[in-house]
Amino acid sequence: DCFLHGDTSGGKWAMALQAGDTVVTKREFPEKVTHLHTGQTLLIVDETSMPTAARLLELWDNPMPPLIICVTQDAADQEYFDDITLSIDAKDSNKNSPQHHIDRHFTVLPMIMDPASVGQNVAPQIDRQLADYLAKQPLQIDKVWGALEAKTAKALRPLLQKRLGLERSDVVVKVYWRHD
C-alpha cells in the first residue's frame, strides 16, 4: 500500500500501477522495531505510515497488543486498520502442550485533523490525545514507534519521552515525509 500526496508526478505514476505490478525500490531499509517485542507499545501513524504499521501488526512479535494513535485528515482513512487482527502463537504453560493460536485485538485512537493542519506541527494534539487516554485507561507505555511529518516527528519525541518517562532509545519516531 502507499499514500499519495496530492497531484504529483509520483502520485500519477502510482495511480497507474495495476494489481500484480512489481515495484523495485532503490533506497529500502528495514525498520528498527526489535524494541517493540516486549512491554506495552504505542504506535503513532499518519496516512503515510499506516501501511508500515499494518505490516508491523501482521508480523507482531509481542504478546501484548499495541495502542495505536492514527492521525488522518479524512475520517474514512481510519478504517484502514479495521480488518487487521494480531495473530500470536503462544505455548500453553504446560511445556508439553502444542502451540495454539491467540487472536489479539489492538486499540486505535483516531485523530481526525483539519486539512489546514497539513505540514503543521500536530505534536501537541497527539500528546494531548495520549494524555487524555492514559488518564482514563492507565497503561504503562514501555516502547514507542511512530512515523510522521518532519515537524511533528521532531517535536513529538521529547514530549513522549517526558510524558512516558522513557529513554531516547525507547522512543523511535521517524520522519516519513516533509511538507514543502
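A residue counts as buried when its relative accessible area is under 20%. Keep that cut-off in mind as you explore this predicted model, because six of the six residues of strand β1 are buried, leaving β1 largely enclosed by the rest of the structure. Around β1 you will find an open sheet of five strands, helices that lie on the sheet, and two separate nonpolar cores.

**How confident is the model?**
- Across the protein chain, the mean pLDDT is 84, and 81% of the residues reach 70 or more.
- Residues 90-95 call for some caution: pLDDT stays under 50 there, and the model has eight contacts beyond four places in sequence for this stretch.

**The sheet**
- Reading across the sheet, you meet the strands in the order β5-β2-β1-β6-β7, with parallel pairing.
- The edges are formed by β5 (107-112) and β7 (171-177), each of which pairs on one side only.
- From one strand to the next, the twist averages 15°.

**Strand β1 and its partners**
- Both faces of β1 are covered: T41, L43 and V45 are buried on one side, while L42, I44 and D46 are buried on the other.
- On the β6 side, five bridges link β1 and β6 in the parallel sense, and I44 has G146 as its bridge partner in β6.
- With β2, β1 also pairs in the parallel sense over five bridges, and here L42 stands opposite L67.
- To get from β1 to β2, the chain passes through α2, making a right-handed β-α-β crossover.

**Strands β6 and β7**
- Strand β6 (residues 143-149) runs parallel to β7, and six bridges join the two.
- Look for W145 in β6, whose bridge partner in β7 is V172, and for E149, whose partner in β7 is W177.
- Together, β6, α4 and β7 make another β-α-β unit, which is right-handed.

**Helices on the sheet**
- Helix α2 (residues 50-58) lies across β1 (41-46), β2 (67-72), β6 and β7, and runs at about 150° to β1.
- Helix α4 (residues 150-164) packs on the sheet and touches β1, β6 and β7, with its direction at about 170° to that of β7.

**The nonpolar cores**
- The largest nonpolar core has 24 residues, and the members that touch the most others are L42, I44, I69, I126, V144, L160 and L164.
- Two or more residues of this core come from each of β1, β2, β5, α3 (123-136), β6, α4 and β7.
- The biggest contribution is from α3, with five residues.
- Setting aside residues up to four places away in sequence, I44 touches S49, I69, I126, V144, W145, G146, A147, L148, L156 and L160.
- A second, separate core holds 18 residues, among them V45, A53, F81 and I84.

**A closer look at Q73**
- You can find Q73 in the loop between β2 and β3 (86-91).
- Is Q73 buried, partly exposed or exposed? Its relative accessible area is 32%, so Q73 falls between the buried limit of 20% and the exposed limit of 50% and is partly exposed.
- Beyond its neighbours within four places in sequence, Q73 is in contact with E47, I112, M113, P115 and V118.
- Although Q73 and M111 are 38 residues apart along the chain, their C-alpha atoms are separated by 8.2 Å.

Definitions and conventions. Residues are numbered from 1 along each chain as its sequence is written. This is a predicted model: local features need pLDDT of at least 70, side-chain atom pairs count only at pLDDT 80 or more; totals for chains, interfaces and linings use all residues. Side-chain values use heavy atoms; hydrogens and water are left out. pLDDT is the predictor's confidence in each residue, from 0 to 100. Contact means heavy atoms within 4.5 Å. Two strands pair if DSSP finds at least two bridges between them. Helices (H or I, at least four residues) and strands (E, at least two) are DSSP runs, numbered from the N terminus. Axes are lines fitted to C-alpha atoms, for helices over the stretch in contact, and angles run from 0 to 180 degrees between N-to-C directions. A nonpolar core is a set of buried Ala, Val, Leu, Ile, Met, Phe, Trp, Tyr and Cys residues joined through side-chain atoms within 4.5 Å. Buried means under 20% relative accessible area, exposed over 50%, partly exposed in between (1.4 Å probe, protein chains only). A crossover is right-handed if, with the strands pointing away from the viewer, the path from the first strand over the helix to the second runs clockwise.
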